[in-house]
Amino acid sequence: MNNFKNPARKGYVAENMVANDLIISNYFVCKPEVDDSGIDFVITKDMSNFITLQVKNTSKIRNNGAVFVDLKPKRFKPDYIAVYSKHFGDKIAYIKNDKSKDRFNMFIRKDGDIPQKNQHK
């Protein structure tokens, strides 16, 4: 991935990567017209169970493999957080949000694999 001069472009790339991954996995993906609630996508497979999702992009990985993702306090908290990073390759971590935290951390193994725990798919 390129180093973008405008940080908003990094977010758009992450959202597109997540949307593509979900569409390939047979989800219907809906994007709100206005992003003022902390919800980037509403997804469903069966048109009856809807899941809210916030997409985060991080390029900062600490030496021990830790990735930290901060959630800004918003009116709504998403059901899942999708974390995309150029360090993951084409993999995306889907983390179930217990809605009590404003910070998530996870560790990436040296081979680049993301732990499968808490993934929705």
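This report describes the fold, strand pairing, nonpolar core and selected side-chain contacts of a predicted model.

## Overall fold

The protein chain contains one helix and seven strands. In sequence order the pattern is α-β-β-β-β-β-β-β, with the helix, H1, spanning residues 7–24.

The protein chain has 121 residues, and 36% of them count as buried. Its accessible surface is about 8,000 Å², and carbon and sulfur atoms account for 50% of that area. For contacts between residues at least 6 apart in sequence, 50% join residues at least 24 apart.

## Strand pairing

Strand E1 covers residues 28–30 and pairs with E2 in the antiparallel sense, over three bridges. Within this pairing, Phe-28 lies opposite Thr-44 of E2.

E2 (41–44) and E3 (51–57) are also antiparallel, again with three bridges. Here Phe-41 has Leu-53 of E3 as its bridge partner. The two strands form a hairpin with six residues between them. Met-47, in the turn, has a positive phi of about 60 degrees.

On E3 there is also a parallel pairing, with E5, made through five bridges. Gln-54 stands opposite Ile-81 of E5 in this arrangement. How enclosed is E3 by the rest of the structure? Six of its seven residues are buried, so the strand is largely enclosed.

## Nonpolar core

Nonpolar side chains tend to be buried together in soluble globular proteins. In this model, the largest nonpolar core has 15 residues. The members that touch the most other members are Val-18, Leu-22, Phe-41, Leu-53, Ala-82 and Tyr-94.

Which elements give two or more residues to this core? They are helix H1 and strands E2, E3 and E5, the last of these covering residues 80–84. H1 gives the most, with four residues. Two of the core members named above, Phe-41 and Leu-53, are the bridge partners in the pairing of E2 with E3.

## Surroundings of Phe-41

Leaving aside residues up to four places away in sequence, Phe-41 touches Glu-15, Val-18 and Ala-19, along with Val-29, Cys-30, Lys-31 and Pro-32. Its contacts also include Ile-51, Thr-52, Leu-53 and Val-55. Among these, Val-18 and Leu-53 belong, like Phe-41, to the core members with the most contacts to other members.

Lys-31 has a particular placement among the contacts of Phe-41: its charged end sits over the ring of Phe-41, 5.5 Å from the ring centre.

## Rings and charges

A second such arrangement involves Lys-45, whose charged end sits over the ring of Tyr-27 at 4.8 Å from its centre. How many aromatic pairs does the structure hold? The count is zero.

## His-87

His-87 lies in the loop between E5 and strand E6 (93–96). Is His-87 buried, exposed or partly exposed? The relative accessible area of His-87 is 38%, so this residue counts as partly exposed, since that class lies between the limits of 20% and 50%.

Along the chain, His-87 and Thr-58 are 29 residues apart. Their C-alpha atoms are separated by 8.8 Å.

Terms used. Residues are numbered from 1 along each chain as its sequence is written. This is a predicted model: local features need pLDDT of at least 70, side-chain atom pairs count only at pLDDT 80 or more; totals for chains, interfaces and linings use all residues. Side-chain values use heavy atoms; hydrogens and water are left out. A nonpolar core is a set of buried Ala, Val, Leu, Ile, Met, Phe, Trp, Tyr and Cys residues joined through side-chain atoms within 4.5 Å. Buried means under 20% relative accessible area, exposed over 50%, partly exposed in between (1.4 Å probe, protein chains only). Contact means heavy atoms within 4.5 Å. Rings of Phe, Tyr and Trp (its six-membered ring) pair if their centres lie within 6.5 Å; planes under 30 degrees apart count as stacked, over 60 as edge-to-face and the rest as tilted. A charge sits over a ring if NZ of Lys or CZ of Arg is within 6 Å of the ring centre and within 35 degrees of the ring normal. Accessible areas come from the Shrake-Rupley method with a 1.4 Å probe; for residues, only the protein chains shown count as cover. Two strands pair if DSSP finds at least two bridges between them.
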